[in-house]
Amino acid sequence: MRELLDRFAADYSAAEHKLRGLEDDQSSIHYPTVFLFVGDEAGHAIEPMILSNELKWDNNAGVIYLHVSTSEGKAGTRKSEQISSASASFEAGKSSSAPKVFRAALTGLTADQSEKRTVRKDIAAAFREEGRHLIELNRSLRQVSDTIADYGRLYASFDRLHLAVITRVDDPMNILIPEISLLAQSIFLQLFKSVQMDLYALINEREQSETFGYAGAAGIGFLRELEGMQRPEFTFSAKLQVTGDGLAIPVEHKQSPLFDLVYLLSDRNERGMTTLNGMQDNYEMICRILLLKNRKRKEALVQSNDGSYNNASFRNSLMAESGRQGFVSAGLAQVKRPTYAIALTVLYHLFELLIARLQNAPARDNKEKMAFFGIDDAAMEARVAQIVPGEDKLADMTGLLTSGVRFEQLRRMSLREAEEALFGDGCALFFRKHFIEAAGMRLSELKAAEELRRFIARNSKEQPRICFYQVSEWTDENVDGSVLNVVRARIRELAREIGIAGEELERTREARVEDLKFQRLPFMEKQNVRSFIRAFFDTVYRQQWQLLRLETELAMYRKLVSLLEQLHEGYQSRVRQMNALEGQLKAAALQSIRSADDYIGQNVFEYYERVTEGVMKEIAEKRGEEVLFEERFVGNVTELLEQGDHLLLERLIDVCRKHILTAEPFNQSFEEELLLRANVSVAYSNRKALSRDELFQQLYRTLEDNAAINIRLLDYTHEHRYEEKYLFGDRESEFIRFALGVDETTRIYKLGCVHERRSSGVEKLNLMGGFHLEDLMYYRNGKVYYETYLQNGYEFHALDPAFLPELR
């Protein structure tokens with residue numbers, strides 16, 4: 001059940017976000033871009049970033065993704081598009097719009113992975129000593145360069161290339177970052193006038209259980225090297241370029257930081273909390289940063305002062321007085337319609353409407369209820385007539401042989417004595433055999449349960465508004481006026497009637513013959529005896545027959561009580577099924593709302609109750625009040641329940657998908673929907689509807705809180721902290737205009753807007769830079785491990801420690 005609900009809500013959410021995303025404007029990147037993933041772990045970022053760029057960048061087809069790893073077939077690219085070699089990727093890429101994913105597999109770099117003590121140093125040595133790795137890397141990078149040239153028409157300018165280098169700080173292969181980055185830069189500079197190269201270093205603080213200590217030590221080792229790479233005096237020279245004939249050409253890097261900017265992104269934010277989606281948030285963030293730095297501005301906004309990003313200005317703001325350049329981190333918040341919660345909430349409210357419709361049947365009086373079950377007076381009378389032999393059968397008793405007693409002897413006897421004198425026990429035996437036993441046999445053969453079910457089935461078909469809710473209620477002994485209680489009242493009534501009839505029969509038998517009214521003729525002895533016999537049977541055995549009918553009816557009603565109790569349990573189980581399903585759907589809806597941000601999930605339950613009701617009302621007006629029970633909608637609820645809850649749920653989900661979630665009220669932009677939902681009147685909760693400014697103020701704070709920087713510093717307000725913040729959304733929307741004006745005169749950071757016409761939501765990217773390694777909590781914690789591992793013989797560097805920056 002949970003899986004079915006989750007799949008429905010997730011599918012709707014994904015489809016809705018994709019649809020809204022397709023309706024949004026896509027931004028264009030100005031210059032060609034290459035994502036260079038270094039190390040096996042970095043490969044996990046490839047597919048999420050491809051998906052993000054496909055949705056956000058309209059010229060994403062020309063973006064190149066190159067993964068340099070130690071083995072082939074590592075995770076990170078789509079299974080259907082995994083490319084085992086760079087050449088295969090190149091050929092595939094030229095003929096389709098599929099993502100251009102290349103792989104340079106430097107196999108054999110880590111021959112002995114079990115030797116962690118020197119794995120980073122061994123990788124560096126193997127790379128420098130075995131020329132085949134350099135040849136493979138050169139070949140892959142040149143194929144990337146050729147492919148970029150093939151897609152030059154997609155870009156506004158071909159003067160510059162943006163190269164984003166992505167690695168995990170604890171991946172041993174990042175010891176080759178200088179060689180791989182500078183080789184890539186040198187090859188791309190043969191095609192472009194300049195290459196802007198940034199490094200995105202991912203810090204995974206969460207997965208430390210198996211590699212506790214070592215991962216932190218390896219990470220600090222890389223960061224120590226990275227600090228050296230970013231020094232103003234950093235230089236590098238090595239024979240990295242290799243020609244087709246195997247000749248090596250030196251690549252030089254003159255005194256300057258290796259990377260334009262270095263971004264440190266952790267899976268824990270500046271408050272120390274694990275980010276909601278872990279590394280996935282950082283992958284998304286890298287794409288937004290690249291878009292911010294490399295976005296083609298809209299023509300209408302080229303001349304406007306829209307607070308756009310200026311990379312040179314931002315980089316200069318990170319420089320300390322000593323000339324030491326600071327690192328950068330970022331935080332990203334995305335606010336969208338809570339589509340997952342909306343789907344489950346609508347499903348629950350549709351179910352509530354279904355229940356209300358099932359329960360809302362026209363009122364029935366007791367007579368109509370009894371008739372529904374086929375146990376009304378007329379039906380019971382007919383059954384008794386079928387079971388008890390007819391009254392005309394009493395006439396057969398007159399043929400019984402008599403003893404020859406004279407009338408004069410009979411006249412002073414009681415009727416009981418007269419019967420004994422005339423017939424002995426013949427009458428009693430005859431009545432027992434032909435009436436009592438015959439009725440008993442027919443009663444035992446009566447298939448009351450089948451007959452009851454048949455009546456219910458037939459009448460349910462003829463009266464579709466009556467369902468298990470009504471049947472359960474009508475057979476509930478705790479409900480006044482229920483059929484079960486009416487039957488029990490009839491049993492009590494019959495028991496009294498039988499008692500009275502039995503007493504009356506006894507009094508009749510004790511009456512004297514001469515008191516019985518029948519025709520007497522003088523001197524006609526035999527005629528008088530015959531007249532008495534007829535009167536006797538007509539009086540005594542007619543009463544006996546009537547008593548048998550009452551007893552038979554009582555026996556039928558007693559059997560009905562048991563059947564109705566069983567029937568109630570069966571139909572009540574359907575009610576319990578519905579109640580349990582209702583509880584599950586409500587719990588799922590409320591939980592999904594709680595999982596959404598407190599503000600973004602505001603009034604979802606109340607607002608979509610009204611929306612769902614309104615949509616169903618429109619459908620009912622067009623197609624009839626019983627539309628829910630048509631086969632193209634939900635159909636027969638009872639039959640579905642009999643086959644399992646999941647079938648009913650699947651029908652409800654189908655109705656939601658086809659007829660409700662596609663209705664006009666669900667086709668609102670993010671801002672329109674938010675305003676409508678926030679201002680829904682909720683009388684019973686005594687909450688005031690939010691004004692527009694209150695609504696926007698809360699949304700602004702939500703974005704700011706959720707865009708917390710993804711790195712934790714020892715001092716939140718460190719000396720060189722510099723911040724810039726950017727909203728991604730429609731600059732003409734009410735909210736963006738409001739947000740740009742908040743604290744406009746007092747804010748100490750730059751606030752800009754990346755203009756995109758979008759209905760799906762709004763995003764905020766916070767950039768914070770100026771900090772150094774010693775400011776990081778990660779550095780302080782990992783430094784202890786790093787020093788301990790070094791003291792115990794571990795080697796993390798290929799360089800002589802004397803050439804590395806001092807530990808601070």
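Here is a walk through the structure, stop by stop, with what to select at each one.

**Before you click**

You're looking at a predicted model, in which local features need pLDDT of at least 70 and side-chain atom pairs count only at pLDDT 80 or more, while totals for chains, interfaces and linings use all residues. Numbering starts from 1 along each chain as its sequence is written, and side-chain values use heavy atoms, with hydrogens and water left out.

**The whole chain**

Show the cartoon first: the protein chain has 26 helices and 12 strands. These are DSSP runs numbered from the N terminus, with helices (H or I) of at least four residues and strands (E) of at least two. Now colour by burial. Of the 808 residues, 53% count as buried, meaning under 20% relative accessible area with a 1.4 Å probe and protein chains only (exposed is over 50%, partly exposed in between). Contacts, here heavy atoms within 4.5 Å, reach across the sequence: among those with a separation of 6 or more, 83% join residues 24 or more positions apart.

**The largest pocket**

Select Leu276, Asn277, Asp281, Gln334 and Lys336, which lie nearest the centre of the largest pocket, out of 46 lining residues. Helices H1 (2-23), H2 (46-56), H8 (279-293), H10 (339-359), H19 (525-595) and H24 (692-706), plus strand S9 (327-336), each give two or more residues to that lining. The space inside comes to about 1,800 Å³.

A word on terms: on a 1 Å grid over the protein atoms alone, a pocket is an open set of points with protein on both sides within 12 Å along at least five of seven lines, a cavity is a set where a 1.4 Å probe fits but cannot get out, and lining residues have an atom within 4 Å of a point. Points are joined across faces, edges and corners, and the volume is the space filled by probe spheres set on them.

Colour the lining of the largest pocket by class and you get 18 nonpolar, 17 polar and 11 charged residues. Nonpolar covers Ala, Val, Leu, Ile, Met, Phe, Trp, Tyr, Cys and Pro; charged covers Asp, Glu, Lys and Arg; the others, Gly among them, are polar.

**The second largest pocket**

Next, jump to the second largest pocket, at about 680 Å³. Pick Ser460, Ile466, Cys467, Asn636 and Thr638, the closest to its centre among 26 lining residues. H10 and H19 turn up in this lining with two or more residues each, as do H16 (448-462), H17 (468-474) and H21 (637-643). Which helix gives the largest share of this lining? That's H16, with six residues. By class, the lining of the second largest pocket has 12 nonpolar, five polar and nine charged residues.

**A closed space**

Three cavities of 30 Å³ or more sit in the structure, and the largest has a volume of about 100 Å³. To find it, select its lining: Phe373, Ile375, Met380, Arg383, Leu446, Ala448, Glu451, Leu452, Met556, Lys559, Leu560 and Leu563. H19 supplies the largest share, four residues. The lining of the largest cavity counts nine nonpolar, no polar and three charged residues.

**Leu344, in helix H10**

Stay with H10 and click Leu344. Is Leu344 buried or exposed? Buried, with a relative accessible area of 2%. Leaving aside neighbours within four places in sequence, Leu344 is in contact with Arg2, Leu5, Phe8, Ala9, Ala588, Ala589 and Ser592. Try a distance too: the C-alpha atoms of Leu344 and Ile593 are separated by 9.1 Å, though the two are 249 residues apart along the chain.

**H14 and Thr508**

Look at helix H14 (residues 415-423), where Leu415, Ala418, Glu419, Leu422 and Phe423 are buried. Turn to look down the axis of H14: these buried residues fall within an arc of 100° (taken from the directions from the helix axis to the C-beta atoms), so they line one face of the helix. Right after H14 comes Gly424, with a positive phi near 65°.

From Leu415, hop to Thr508, which touches Leu415, Thr539, Val540 and Gln543, not counting residues up to four places away in sequence. Thr508 belongs to helix H18 (residues 483-510) and is buried at 10% relative accessible area. Its side chain makes a polar contact with the side chain of Gln543 (3.2 Å). A polar contact is a pair of N or O atoms within 3.5 Å; within protein, one must be able to donate a hydrogen and the other to accept it, and residues adjacent in sequence count only if both atoms are side-chain atoms.

**Last stop: Arg721**

Select Arg721, in the loop between H24 and strand S10 (722-729). Arg721 is buried, at 18% relative accessible area. Its side chain makes polar contacts with the side chains of Glu270 (3.3 Å) and Glu723 (3.4 Å).
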